[in-house]
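Visitor: I would like a close look at one part of this model, and then at what surrounds it in the description. Please keep it plain.

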Amino acid sequence: MERNNSEIINAAEHLLYIIHTGQRRKIHNLCTKSILWKYNHNCSEGVLNDNLLINVNTLIKPSEVKRIKYIYHRINKQSSNHIIATGIYCIYKSVDKSTKEYYFDYTINFVDSLAYYIHISLIGNKNPTKIHRIISVKENIYNMDETEILYIEAMGSHTLWHCVTVTIETMISLKDAEIKLSDNFVKIHRSYIVNVTKIKEVIRCRAVMENGDEIPIPYKKFVSIKNKLLEKEC
């Protein structure tokens, strides 16, 4: 039976948890015998490869795992039985009554519900990206990486979030959206906020986005907004 996205995410989260908590028998049951592992720059083969599991659990010992926060997941279905899950998560490590954060990204390839490739990489101690929880008017929930947002457009009391792969209509106002965004976003028109990192070029009274959409810039504010955009790019 083909698994839905929620089931795949649950499987990925469970597998990552038992890896970081050193549950060898459960790892064995969820992986193929010839699984390929990669942790940072170390590669090895075999579901119960001791050296790699030791490397994974050196930075954060299983007894030090306070909790794991999953920041976002992406699912790619190659076929009904071949699925790739990737994303970012954070492990909170408990040491001497203090808590430290460690961020990782991961990729897991599943075939017939078993993992045959696992890649875990340490990113660092700071959240590498900002994730926005966007709720559409149809109440669909999107956990959208800020780097995937091109621009936001006001549409009455609603907003359209134009992203790389999807456009989401929400009930949030442009003013409220602006508060949630990072410094990479600039309001260049009363109805538009753009992601500076996604601007292809700035021409007379328009910002051309990576997808080819042209966002108007008011004539009287063009010079000041253009300079502001250039400052952000520097």
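How much space lies in the second largest pocket?

Guide: The model is predicted, and in it the second largest pocket holds about 200 Å³ of space. Its lining consists of Ile 131, His 132, Arg 133, Ile 134, Ile 135, Ser 136, Trp 161, Thr 170, Met 171, Ile 172 and Lys 180. Strand E7, residues 131-135, gives five of these residues, which is the largest share. By class, the lining of this pocket splits into six nonpolar residues, three polar ones and two charged ones.

The largest pocket makes a useful reference, with a volume of about 430 Å³. It is lined by 16 residues, and those closest to its centre are Asn 5, His 73, Arg 74, Ile 75 and Asn 143. Helix H1 (5-20), E3 and E8 are the elements that each supply two or more residues to this lining. Here the division is eight nonpolar, six polar and two charged.

Arg 74, one of the residues closest to the centre of the largest pocket, also takes part in a salt bridge. Its partner is Glu 148, and the closest N and O atoms of the pair are 2.9 Å apart. The two belong to distant parts of the chain, 74 residues apart: Arg 74 lies in strand E3, and Glu 148 in the loop between strand E8 (141-145) and strand E9 (149-155). Glu 148 counts as buried because its relative accessible area is 18%, under the 20% that sets the limit for that class. Arg 74, at 25% relative accessibility, counts as partly exposed.

The model has four salt bridges in total. Another of them joins the side chains of Lys 93 and Glu 64, with a distance of 3.5 Å from N to O. This pair also links distant parts of the chain, 29 residues apart, with Lys 93 in strand E4 (residues 82-95) and Glu 64 in the loop between helix H3 (50-59) and strand E3 (65-77). Both partners are buried: Lys 93 has a relative accessible area of 11%, and Glu 64 one of 16%.

A further salt bridge is formed by Glu 214 and Arg 206, whose closest N and O atoms are 2.7 Å apart. Glu 214 counts as partly exposed because its relative accessibility is 45%, and Arg 206 is placed in that class because its value is 34%. This pair leads to an open sheet of three strands, which are ordered E14-E15-E16 with antiparallel pairing. E14 and strand E16 (214-216) are the edge strands, each pairing on one side only. From one strand to the next the twist averages 25°. Between E15 and E16 there are three bridges, in the antiparallel sense, and across that pairing Ala 207 faces Ile 215 of E16.

Cys 205 sits in the loop between strand E14 (199-203) and strand E15 (206-209). Cys 205 is not a glycine, yet its phi is positive, near 65°. Is Cys 205 buried or exposed? It is buried, because its relative accessible area is 17%.

Asp 112 can be set beside it. Its phi is near 55°, again a positive value in a residue other than glycine, and its place is the loop between strand E5 (98-111) and strand E6 (114-124). Asp 112, however, is exposed, because its relative accessible area is 53%, over the 50% cut-off.

Strand E6, which follows that loop, pairs in the parallel sense with strand E1 (residues 31-39) over five bridges. Within this pairing, Trp 37 has Ile 118 of E6 as its bridge partner. E1 also pairs with strand E2 (residues 42-45), in this case in the antiparallel sense and over four bridges. Lys 38 is bridged to Cys 43 of E2. E1 and E2 form a hairpin with two residues between the strands, where Asn 40 has a positive phi near 55°.

To return to the part you asked about, the second largest pocket holds about 200 Å³, and strand E7 provides five of its lining residues.

Note on methods
Residues numbered from 1 in each chain as written. Predicted model: local features only at pLDDT ≥ 70, side-chain atom pairs only at ≥ 80, totals over all residues. Heavy atoms only, no water. Buried < 20%, exposed > 50% of the residue type's maximum accessible area, 1.4 Å probe, protein only. Pairing = 2+ DSSP bridges. Axes fitted to C-alpha atoms, helices over the stretch in contact; angles between N-to-C directions. 1 Å grid on protein atoms, 1.4 Å probe; cavity = no way out; pocket = protein on both sides within 12 Å on 5 of 7 lines; lining within 4 Å. Points joined across faces, edges and corners; volume = space filled by probe spheres on them. Nonpolar A, V, L, I, M, F, W, Y, C, P; charged D, E, K, R; others polar.
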